[in-house]
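Thanks, everyone; please have the model open while I talk, and I will go from one residue to a helix pair and then to the cores.

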Amino acid sequence: MARSESDLSRKRRARKMGRILEETHPDAHCELNHEGPLQLAVATILSAQTTDQRVNEVTPKLFARYTTAAEYAAADRAELEELLKPTGFFRNKTDSLMKLGQALVERHGGEVPGSLDELVKLPGIGRKTANVILGNAFDVPGITVDTHFQRLVRRWEWTEESDPVKIEHAIGALFDKRDWTMLSHRVIFHGRRVCHARKPACGACTLAKLCPSFGTGPTEAAAAAKLLKGPRARELAVAAGVDPDLVPANAMVATDAP
């Protein structure tokens, strides 16, 4: 379907899917718990190669212990490593947080800057992390190309690009800038709850009629409903016209696979 469509048709299809995602996931938001730009920067760095849930288990104690960039800069490495150990790659993450604190103190008076150019120059912060910070801490629209986003926009044939920066620009051209941040959240929510990597819940998906990859996962309602995840799994089934009783009770737990 999508392979022969014009650029205009692709944009119209993408925007229609975007509107359906808005209806499907009214609860979409940044799933990293934080207060302010510094906490979000730290949490996003910690989220590499682990789940948001695991990060959220670690950050309350971390944020209580380290409240400023200067405190991260002057942290006792062994103590910080111990706090970060549950997130995995804790030595690298400790190094990133200490260097981030130092850079913020030296270059920005201890404050997290609110521009992409300045953010990507900071230790531990790439373009994806910068867009998370901009969109959720500064209300500056940005597209977050994480693994879910990259997988879904290619599966939906919104773009054929594989490079994250090229994907960001390609999807940015399909949607109004003001929608970029929330679009990112909704796509990521959909990837975690419905459109899974190995076996998407095609038969219980609100995007089924517009998806060129429909059939990648089971199309029968009963089989697809069992694949829905998250606290709103039964509501997702209803939205897709599927009997919510087909969703198993153990599906309705928080899901944030990396």
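**Glu5, a helix pair and two cores**

Leaving aside its neighbours within four places in sequence, Glu5 is in contact with Arg10, Arg13 and Glu157, where contact means heavy atoms within 4.5 Å. This is a predicted model, in which local features need pLDDT of at least 70 and side-chain atom pairs count only at pLDDT 80 or more, while totals for chains, interfaces and linings use all residues. Residues are numbered from 1 along each chain as its sequence is written, and side-chain values use heavy atoms, with hydrogens and water left out.

Glu5 lies in the segment before helix 1 (7-24), helices being DSSP runs of H or I with at least four residues, numbered from the N terminus. With a relative accessible area of 15%, Glu5 is buried, that is, under 20% with a 1.4 Å probe and protein chains only.

Turning to the helix pair, helix 2 (residues 37-46) and helix 8 (residues 127-137) have axes that come within 10 Å and cross at roughly 150°, the axes being lines fitted to C-alpha atoms over the stretch in contact, with angles from 0 to 180 degrees between N-to-C directions. Pro37, Leu40, Ala41 and Thr44 of helix 2 make this contact with Thr129, Val132, Ile133, Asn136 and Ala137 of helix 8.

Finally, the largest nonpolar core (buried Ala, Val, Leu, Ile, Met, Phe, Trp, Tyr and Cys residues joined through side-chain atoms within 4.5 Å) has 36 residues, of which Phe149, Trp156, Trp158, Ile171, Phe175 and Leu228 touch the most other members. Helix 1 gives the largest share of this core, 4 residues, and a second, separate core of 34 residues includes Leu38, Ala69, Ala75 and Ala103.

Key
Helix = DSSP H or I, 4+ residues; strand = E, 2+ residues; numbered from the N terminus. Buried < 20%, exposed > 50% of the residue type's maximum accessible area, 1.4 Å probe, protein only.
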